[in-house]
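Please read the following report alongside the sequence and the coordinates, which are shown here for reference.

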Amino acid sequence: MLKVRNLTKSFGANTAVDNVDFAVDRPAMIGIIGASGAGKSTLLRMLNRMTDATSGQIEFEGREVLKLSGARKRAWQSDCAMIFQQFNLVPRMDVVSNVLHGTLNARSSLATMFNLYPNADIHRAIDILDRLGIADHAAKRAESLSGGQQQRVAIARALMQDPRIILADEPIASLDPMNAQIVMDALRRIHDEDGRMVIANLHTLDTARKYCDRVIGMRMGRVVFDGTPAQLTTGVARDIYGAGASFSEAATSTALESPESAAAKALHEAEAAV
Ligand SMILES: Nc1ncnc2c1ncn2[C@@H]1O[C@H](COP(=O)(O)OP(=O)(O)O)[C@@H](O)[C@H]1O
Ligand SMILES: [Mg+2]
């Protein structure tokens, strides 16, 4: 259903995503792992057209994603909802209104201006919040919720779009272990019950192994591993993270920066300074 071919993104001389190829033939739950700077976020952002690719192709059920524009591009962006590490909610707005924002693409600008939501949408928003166990907080300001609750609001907002794919960029990197588990359980359940594809950048190996059917490992913009959690041995993981002998199973992408990406970052900073 999803085919990614020779997908490349360059920022100046730096190739963030380098000829990435993979195909998904059923709505799987896929984890993407790799050190900080490996290109995981850039890959997700290209998938939902937040960032334009430099070259390559993305095909979803016959749609040439990279060629879509205007209304068709917006329809695609509704079909693949994005969830972020920092939740990206409107902090002072109540939870239900944050969730209803997930229908913005489908509403007229006038209705949006006056904050008019159809009753059916409001009921649906509450049902989705209920499914995620946070309906009790519907009337509270988003900022008054815990991180784990806020991420579930972000998932609810994504579900409001009725997406085919949920793209999650390090959805649990800012959460404590208990909330991380609640959020990952929610994503897995949505995948299992609704048959939605989930592609999540994950910063710990354990999470990728536990929740995903398939894991893609990236290093320096390239796919260096694509297999099942069982195939993701410690040795393979060490290669993905490029961490040498210092590698431990507790490795995370936020803690482990590959030497290459550290060098690239230093270069960016040097360029930005002049
Ligand atoms: N907007 C940008 N401008 C310039 N370089 C960028 C930009 N976004 C990402 N990069 C660079 O692309 C590479 C991959 O970044 P990213 O996709 O954020 O990796 P990851 O999510 O795996 O940490 C890094 O070298 C990063 O510095
Ligand atoms: Mg990232």
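The report goes from the whole chain to its two sheets and then to the helices that are described with them.

## Overall make-up

The model discussed here is a predicted one. The protein has 274 residues, of which 42% count as buried, and its secondary structure comes to 10 helices and 10 strands. If one looks at the contacts in the protein with a separation of 6 or more, 70% of them are accounted for by residues that lie 24 or more positions apart.

## The sheet of six strands

One open sheet contains 6 strands in the order 6-7-8-3-9-10, and its pairing is mixed. Its edge strands are strand 6 (80-84) and strand 10 (222-227), each of which pairs on one side only. Averaged over this sheet and with direction ignored, neighbouring strands are turned by 20° against each other.

Strand 3 (residues 29-33) deserves a closer reading. Which strands does strand 3 join in the parallel sense, with 4 bridges to each? One partner is strand 8 (residues 197-201), which runs parallel to strand 3 and is joined to it by 4 bridges; the other is strand 9 (residues 214-219), again paired in the parallel sense over 4 bridges. At the level of residues, M29 of strand 3 stands opposite V198 in strand 8, while I30 has R214 of strand 9 as its bridge partner.

Is strand 3 mostly covered or mostly open? Strand 3 is mostly covered, with 5 of its 5 residues buried. In a regular strand the side chains alternate between the two faces of the sheet. For strand 3 both faces are covered, since M29, G31 and I33 on one side are buried, as are I30 and I32 on the other.

Elsewhere in this sheet, strand 7 (residues 165-169) runs parallel to strand 8, and 5 bridges join the two. Here D169 has N201 in strand 8 as its bridge partner.

## The sheet of four strands

A further open sheet is formed by 4 strands in the order 2-1-4-5, and in this sheet the pairing is antiparallel. Strand 2 (14-24) and strand 5 (63-64) stand at the edges with a single partner strand each, so one side of each has no neighbour in the sheet. Strand 1 (residues 2-11) pairs with strand 2 in the antiparallel sense over 7 bridges, and F11 stands opposite N14 in strand 2. Helix 1 (residues 40-47) lies across strand 1, strand 2 and strand 4 (55-60), and runs at about 60° to strand 2.

The strand pairs described for the two sheets are collected below.

| Strand pair | Sense | Bridges | Residue pair |
|---|---|---|---|
| Strand 3 and strand 8 | parallel | 4 bridges | M29 and V198 |
| Strand 3 and strand 9 | parallel | 4 bridges | I30 and R214 |
| Strand 7 and strand 8 | parallel | 5 bridges | D169 and N201 |
| Strand 1 and strand 2 | antiparallel | 7 bridges | F11 and N14 |

## A pair of helices

Helix 5 (residues 119-131) and helix 6 (residues 147-160) have axes that come within 9 Å and cross at roughly 135°. Helix 5 and helix 6 are therefore oblique to each other, and their crossing is right-handed. Where the helices meet, A125, I128 and L129 in helix 5 face A156, L159 and M160 in helix 6. The residues of this contact divide into 6 nonpolar, no polar and no charged.

Note on methods: Residues numbered from 1 in each chain as written. Chains lettered and ligands numbered in written order. Predicted model: local features only at pLDDT ≥ 70, side-chain atom pairs only at ≥ 80, totals over all residues. Buried ≥ 20, exposed ≤ 12 C-beta atoms within 10 Å, placed from the backbone. Pairing = 2+ DSSP bridges. Contact = placed C-beta atoms within 7 Å. Axes fitted to C-alpha atoms, helices over the stretch in contact; angles between N-to-C directions. Parallel < 35°, antiparallel > 145°, perpendicular 65-115°, else oblique. Left-handed = near helix turned anticlockwise from the far one by under 90°. Nonpolar A, V, L, I, M, F, W, Y, C, P; charged D, E, K, R; others polar.
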